[in-house]
Amino acid sequence: MKQLFEPVIFTDRKSLIWDYQIYTDDHYKGYYHWHQCCEIMYVHSGQGNVVVNQQMYEIRSGMLFFFQPYQLHRIYSEVSRECPFVRTIFYIDSHTAEHLLSGFAKRKAVFSALWQGQNTYCGFDLSSSAGAVDWIYKNYNLCRNSAMEEDTEDITIMLLQLLSCLGTGENSLIQPEERRNLRYSEQIMSWIEEHYQEEVNLEQLAAETHLSKSYVSRVFHQETGGRLVDYLTARRIKQACRLLSTTDMPVEQIGIAVGFPNASYFNQLFKRVLGTTPLKYRKNN
């Protein structure tokens with residue numbers, strides 16, 4: 001498993017990290033991770049899925065995904081030369097963005113709802129506005145490449161234009177969606193959300209989802225592209241990080257609280273996943 005927490009490094013001269021039209025056509029497996037800032041990904045082309053908030057979204061042209069700070073997610077794309085995965089990703093600190101939008105109340109409200117709202121929906125279909133979104137990204141990329149240094153005015157204009165595509169008020173895409181029937185993988189993730197602190201029993205999970213034990217793991221992999229054990233580990237470590245940062249609980253007790261009763265195994269796994277020990281993580285956060 002790759003490192004779960006991927007810090008995005010901003011400098012005094014960079015308030016936005018920009019990757020325009022990243023092109024992949026050979027291998028893109030994906031893994032569970034999170035960042036300390038907002039991540040916005042727009043799909044130009046490709047197919048696959050995004051797993052976030054115990055939900056799964058289809059990757060297709062025109063989809064925009066907004067990942068909140070410290071939000072666990074996984075991006076998986078089925079790539080080939082005939083079907084490359086092309087996406088633009090940018091990272092921005094939420095408070096920096098709100099400062100840039102301070103004179104634009106409606107757009108700022110949309111951004112605030114995206115990064116700190118309780119709405120669990122974070123995938124938006126902008127295919128009907130694809131031409132406009134492509135122009136927004138292309139124009140900002142040209143401005144960024146032609147400037148000697150980062151221009152916050154250009155960033156503000158790009159954010160305003162992009163947020164306009166998401167809509168404001170009654171036209172906002174940030175509205176409760178009519179719930180469809182959950183996929184098996186989403187039912188499994190929902191169950192794990194309630195029971196990850198316990199010893200996860202595959203028989204009980206199978207009974208809850210009305211599936212056989214062998215099919216539980218198989219269908220999770222088929223639908224998400226990832227292993228059930230990796231998702232469970234990522235969710236537990238994510239909670240451990242939160243407890244290390246916000247409480248004074250002993251490390252051993254945190255391990256027990258997130259489903260790792262063996263303290264030695266918890267320390268080893270934490271270091272393997274995050275590249276540091278729980279104590280060092282706490283000290284640095």
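In strand 7, Tyr-91 is the bridge partner of Glu-39. That pair belongs to the junction of strand 2 (residues 38–45) with strand 7 (residues 85–92), two strands that run antiparallel and are joined by seven bridges. The model described here is a predicted one.

Strands 2 and 7 are part of an open sheet of five strands, whose order is 1-7-2-5-8 and whose pairing is antiparallel. The edges are taken by strand 1 (16–24) and strand 8 (123–125); each has a single partner strand, so one side of each has no neighbour in the sheet. From one strand to the next, the twist averages 15°.

Two helices can be followed across this five-stranded sheet. Helix 3 (residues 130–146) lies across strand 1, strand 2, strand 5 and strand 7, and runs at about 120° to strand 1. Helix 4 also packs on the sheet, where it touches strand 1, strand 2, strand 5, strand 7 and strand 8. The direction of helix 4 makes about 120° with that of strand 7.

Helix 4 comes up again in the cavities. The count is two cavities of 30 Å³ or more, and the second largest has a volume of about 70 Å³. Which elements supply at least two residues each to the lining of this second largest cavity? They are strand 5 (63–67), helix 2 (105–116) and helix 4 (152–166). Helix 4 gives the most, with four residues. The lining consists of Ile-40, Leu-64, Phe-66, Phe-90, Phe-111, Leu-114, Leu-159, Leu-162, Leu-163 and Leu-166. By class, the lining residues divide into ten nonpolar, no polar and no charged.

A further open sheet is formed by three strands in the order 4-3-6, again with antiparallel pairing. Strand 4 (55–59) and strand 6 (73–77) stand at its edges with a single partner strand each, so one side of each is left without a neighbour in the sheet. The twist in this sheet averages 15° from one strand to the next. Strand 3 (residues 48–52) runs antiparallel to strand 4, and five bridges join the two. One residue pair to locate here is Val-51 with Met-56, its bridge partner in strand 4.

The three-stranded sheet has a helix across it as well. Helix 7 (residues 213–224) lies across strand 3, strand 4 and strand 6. Relative to strand 3, helix 7 runs at about 115°.

The last element pair is a packing of helix on helix. Helix 5 (residues 184–195) packs with helix 8 (residues 228–246) at an angle of about 35°, and their axes are 11 Å apart. The crossing of helix 5 past helix 8 is right-handed. Which residues make the contact? From helix 5 they are Ile-188, Met-189, Ile-192 and Glu-193, and from helix 8 they are Leu-228, Tyr-231, Leu-232 and Arg-235. The residues of this contact divide into six nonpolar, no polar and two charged.

Key:
Residues numbered from 1 in each chain as written. Predicted model: local features only at pLDDT ≥ 70, side-chain atom pairs only at ≥ 80, totals over all residues. Heavy atoms only, no water. Pairing = 2+ DSSP bridges. Axes fitted to C-alpha atoms, helices over the stretch in contact; angles between N-to-C directions. Contact = heavy atoms within 4.5 Å. Left-handed = near helix turned anticlockwise from the far one by under 90°. Nonpolar A, V, L, I, M, F, W, Y, C, P; charged D, E, K, R; others polar. 1 Å grid on protein atoms, 1.4 Å probe; cavity = no way out; pocket = protein on both sides within 12 Å on 5 of 7 lines; lining within 4 Å. Points joined across faces, edges and corners; volume = space filled by probe spheres on them.
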